[in-house]
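Please read the following alongside the sequence and the coordinates. The paragraphs go from the overall layout to individual residues.

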Amino acid sequence: NRALARLSEKARTLSLKRTEKESKHHCEEHQEELKLFCETDKKLICVICVTAREHKSHSFMPVDEAILFYKEQAKSSFESLTERKSKIEQMEQEQKESISGVQEESQNLQSQITSQFAELHQILTEKEQRLLGDVREEEEKIV
């Protein structure tokens, strides 16, 4: 009796698990297998739902065909996005290189300006000293 009870319990458990799996792919309203894809509503439906008023004049395709179609569409979108990402990364790299070049050029210009002003300052200081010396000489000659 116990063996029979355990066997009976296992059979019920297996039956419940099977119906749980099946209910995932069955119409909630008609308990029919979902074999069609309503392109208008973008959802799976059963063959009875096709005749319902809410799906009247909608377009349908078999589930397997819809899976292939949307799989291809997703693959195409993924490839397009991957390509766009690659181009954007390349543009980003080019911009970084360009920015680096501008920064380097800016540093060079700043160094050149500082150097030229130091040179001009030196020339003016020497000229100032010469002129002051000339003025002193003239002052001594006059005095």
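What share of the contacts in the protein chain with a separation of 6 or more comes from residues 24 or more positions apart? Such residues account for 20% of these contacts. The model is predicted, and the other quantities that describe the chain as a whole are simple to list. The protein chain has two helices and three strands, and from the N terminus on these elements run α-β-β-β-α. Of its 143 residues, 9% count as buried.

Confidence is uneven along the chain. The average pLDDT is 89, and 89% of the residues score at least 70. Among the elements, helix α2, residues 63–142, has the highest mean pLDDT, at 96, while helix α1, residues 2–23, has the lowest, at 62. Over residues 18–23 the pLDDT stays under 50, and the model has zero contacts beyond four places in sequence for this stretch.

The buried part of the chain can be approached through its nonpolar core. In soluble globular proteins, nonpolar side chains tend to be buried together. Here the largest nonpolar core has seven residues: C27, L34, L36, C38, I45, C46 and C49. One of them, L36, can be followed through its contacts. Leaving aside residues up to four places away in sequence, L36 touches K43, L44, I45, V47, V50, M61, P62 and V63.

The core list includes several cysteines, which raises the matter of bonding between them. A disulfide is a covalent bond between the sulfur atoms of two cysteines. How many disulfides does the structure hold? The count is zero. For C38, the nearest cysteine sulfur is that of C49, 9.6 Å away, and C38 is in no disulfide. C38 is buried, with a relative accessible area of 0%. For C49, the closest cysteine sulfur is in C46, at 3.6 Å, which is too far for a bond because a disulfide needs the two sulfur atoms within 2.5 Å. C49 also counts as buried, at 9% relative accessibility.

Aromatic residues give a second set of side-chain relations. The structure holds two aromatic pairs. F37 and Y70 form an edge-to-face pair, with 5.3 Å centre to centre and 65 degrees between the planes. This pair links distant parts of the chain, since F37 is in strand β1 and Y70 in helix α2, 33 residues apart. F37 is buried, with a relative accessible area of 10%, whereas Y70 is partly exposed, at 26%. F69 and Y70 form the other pair, also edge-to-face, with 4.9 Å centre to centre and 85 degrees between the planes. F69 is partly exposed, with a relative accessible area of 41%. Together, F37, F69 and Y70 form one aromatic cluster.

The loops contain residues with unusual backbone angles. Most residues other than glycine have a negative phi. Which sign does phi take in Q31? It is positive, near 55 degrees, in a residue other than glycine. Q31 sits in the loop between α1 and β1, the strand of residues 36–38, and counts as exposed at 54% relative accessibility. S57 likewise has a positive phi, near 70 degrees, and is not a glycine. The place of S57 is in the loop between β2, residues 43–45, and β3, residues 60–62. At 74% relative accessibility, S57 counts as exposed.

The loop between β2 and β3 also holds H58. Is H58 buried or exposed? H58 counts as buried, because its relative accessibility is 19% and the cut-off is under 20%. A polar atom of the H58 side chain lies 3.4 Å from the backbone oxygen of E54. Not counting residues up to four places away in sequence, H58 touches C38, T40 and D41. Among these, C38 has already appeared as a member of the largest nonpolar core. The loop therefore places a buried residue, H58 at 19%, in the stretch that also contains the exposed S57.

Terms used
Residues numbered from 1 in each chain as written. Predicted model: local features only at pLDDT ≥ 70, side-chain atom pairs only at ≥ 80, totals over all residues. Heavy atoms only, no water. Core = buried A, V, L, I, M, F, W, Y, C linked by side-chain atoms within 4.5 Å. Buried < 20%, exposed > 50% of the residue type's maximum accessible area, 1.4 Å probe, protein only. Contact = heavy atoms within 4.5 Å. pLDDT = per-residue confidence, 0-100. Helix = DSSP H or I, 4+ residues; strand = E, 2+ residues; numbered from the N terminus. Phe/Tyr/Trp six-rings, centres within 6.5 Å; stacked < 30°, edge-to-face > 60°. Polar contact = N/O pair within 3.5 Å; in protein donor to acceptor, adjacent residues only side chain to side chain.
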